[in-house]
Amino acid sequence: MINILQLGQLDYETALKLQHSLVELRKQNRIADTLLLLEHPPVVTLGRNAKAGNLRASAEELAARGVQIFECNRGGDVTFHGPGQLVGYPIFDLRAFTDEHGNRKTLGAVEYVRRMEEALIRTCGDLGIPTERIKGLTGVWTTAEKPHEQAKIAAIGVHISRAVTSHGFALNVSNDLDYFNLIIPCGIPDMPVTSIEKEISQGWALRDEKIPTMQEVAHIIARNFGRVFTRQTLWLESLEDLMASASPTLPANQDTPAHPPRELEQLHGDRTFLA
């Protein structure tokens, strides 16, 4: 089972704290695998492999445009998140999967990323946008006759701790692509970025599609995550529902319960810490 929780727009710092809380709960086997879907206010994030030269704007320029900047422990270089971009944070235990015979199987990091790419490729395909992988790179790219005409539509950067994942993907739906001029996205200077809205509006989609809403894209992604990871999906109404589903039993070697960040509790009107 994969819990699906759509949180709307959430600032990056609070999302980091929430991921930390949920990762601890997943490590304790107190919650099922969970996929968070949300948007961020404008923010530039620097992964573990970020290079200073890939940030084109100064701190002052970023501040003037209302863009925050954060360092984080995900893999990858520099990227941008903003409204209209659907961000997904899978909190998965990679040891909890099974093979085609029903035997317990641990997903390796590469297989996990490839499955995430596959879910995004299928999502774009469901919207009439042909996409693919590019050998040697991570993420999802539009299909084109010439390599230099390809554009990145989804970025991926993950962190894995004791087999439990955090961070994840960012799919450009209807976000302002001009923000990407502030950075060299993922450290690749000669590849443009695109969005679902741009591909459909400019007629690059294979079918005559309308621009989907974020909610519609979220449902398509959730469906494809279920298919690719061979799990049923359960949509939750709120963070409270997720916390209510958490097992109260702690393993013997755990004496400090995890709880959601106070900022998110206030946002959702829930001040009760998980005991």
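**Notebook: strands, pockets and cavities**

I began with β11 and found that strand mostly covered, with seven of its 10 residues buried. I note at the outset that the model is predicted.

**Entry: the neighbours of β11**

I looked up which strands pair with β11. Strand β10, residues 140-142, is joined to β11 by two bridges, and the two run antiparallel. Across this pairing I located Val-140, which stands opposite Ala-154 in β11.

I then turned to β12. Eight bridges link β11 and β12, again in the antiparallel sense. For individual positions I recorded two pairs. Ala-155 stands opposite Ala-170 in β12, and Ile-156 has Phe-169 in β12 as its bridge partner.

I examined the connection between these strands as well. β11 and β12 form a hairpin with two residues between them. In the turn, Arg-162 has a positive phi of about 50°.

**Entry: β12**

I asked how many residues of β12 are buried. Nine of the nine are buried, so β12 is largely enclosed by the rest of the structure.

I also looked for a pairing of β12 with β6. The two strands pair in the antiparallel sense over four bridges. Within that pairing, I found Leu-171 of β12 as the bridge partner of Leu-86.

**Entry: the three-stranded sheet**

I next traced an open sheet of three strands, ordered β4-β3-β5, and recorded its pairing as mixed. β4 (68-71) and β5 stand at the edges with a single partner strand each, so one side of each has no neighbour in the sheet. I noted an average twist of 20° from one strand to the next.

Within this sheet I checked β3, residues 43-46, against β5. Four bridges join these strands, which run antiparallel. Leu-46 stands opposite Val-78 in β5.

**Entry: the largest pocket**

I then moved from strands to open space. The largest pocket holds about 410 Å³ of space. I looked up which elements give two or more residues to its lining, and these are β5 (78-81), β6 (85-91), β11 (152-161) and β12 (164-172).

I asked which element supplies the largest share of this lining. The answer is β11, with seven residues.

The lining comprises 28 residues in total. Those nearest the centre of the pocket are Gly-75, Gly-76, Asp-77, Ile-156 and Gly-157. Ile-156 is thus a residue I have met twice, here beside the pocket centre and earlier as the bridge partner of Phe-169 in β12. By class I recorded 13 nonpolar, 11 polar and four charged residues in the lining.

**Entry: the second largest pocket**

For the second largest pocket I noted a volume of about 250 Å³. Its lining has 15 residues, and I found Thr-142, Thr-143, Glu-149, Glu-199 and Trp-204 nearest its centre. The lining divides into seven nonpolar, four polar and four charged residues.

**Entry: the cavities**

I asked how many cavities of 30 Å³ or more there are. The count comes to two.

The largest cavity holds about 80 Å³ of space. I looked up its surroundings and found a lining of 13 residues, with Thr-79, Lys-152, Ala-155, Asn-172 and Phe-180 nearest its centre. The elements that give two or more residues to this lining are β5, β11 and β12. β11 gives the most, with four residues. I classed the lining as nine nonpolar, three polar and one charged. Ala-155, listed here near the centre of the cavity, is the residue I recorded above opposite Ala-170 in β12.

The second largest cavity holds about 30 Å³ of space. I listed its lining residues as Trp-141, Lys-152, Pro-185, Ile-188, Met-191, Pro-192 and Val-193. By class I counted six nonpolar, no polar and one charged. Lys-152 appears in the lining of the second largest cavity and also among the residues nearest the centre of the largest cavity.

**Entry: review**

On rereading, I see that β11 recurs across these entries. It is the element with the largest share of the lining of the largest pocket, and it gives the most to the lining of the largest cavity. β11 pairs with β10 over two bridges and with β12 over eight.

Methods:
Residues numbered from 1 in each chain as written. Predicted model: local features only at pLDDT ≥ 70, side-chain atom pairs only at ≥ 80, totals over all residues. Heavy atoms only, no water. 1 Å grid on protein atoms, 1.4 Å probe; cavity = no way out; pocket = protein on both sides within 12 Å on 5 of 7 lines; lining within 4 Å. Points joined across faces, edges and corners; volume = space filled by probe spheres on them. Nonpolar A, V, L, I, M, F, W, Y, C, P; charged D, E, K, R; others polar. Buried < 20%, exposed > 50% of the residue type's maximum accessible area, 1.4 Å probe, protein only. Pairing = 2+ DSSP bridges. Axes fitted to C-alpha atoms, helices over the stretch in contact; angles between N-to-C directions.
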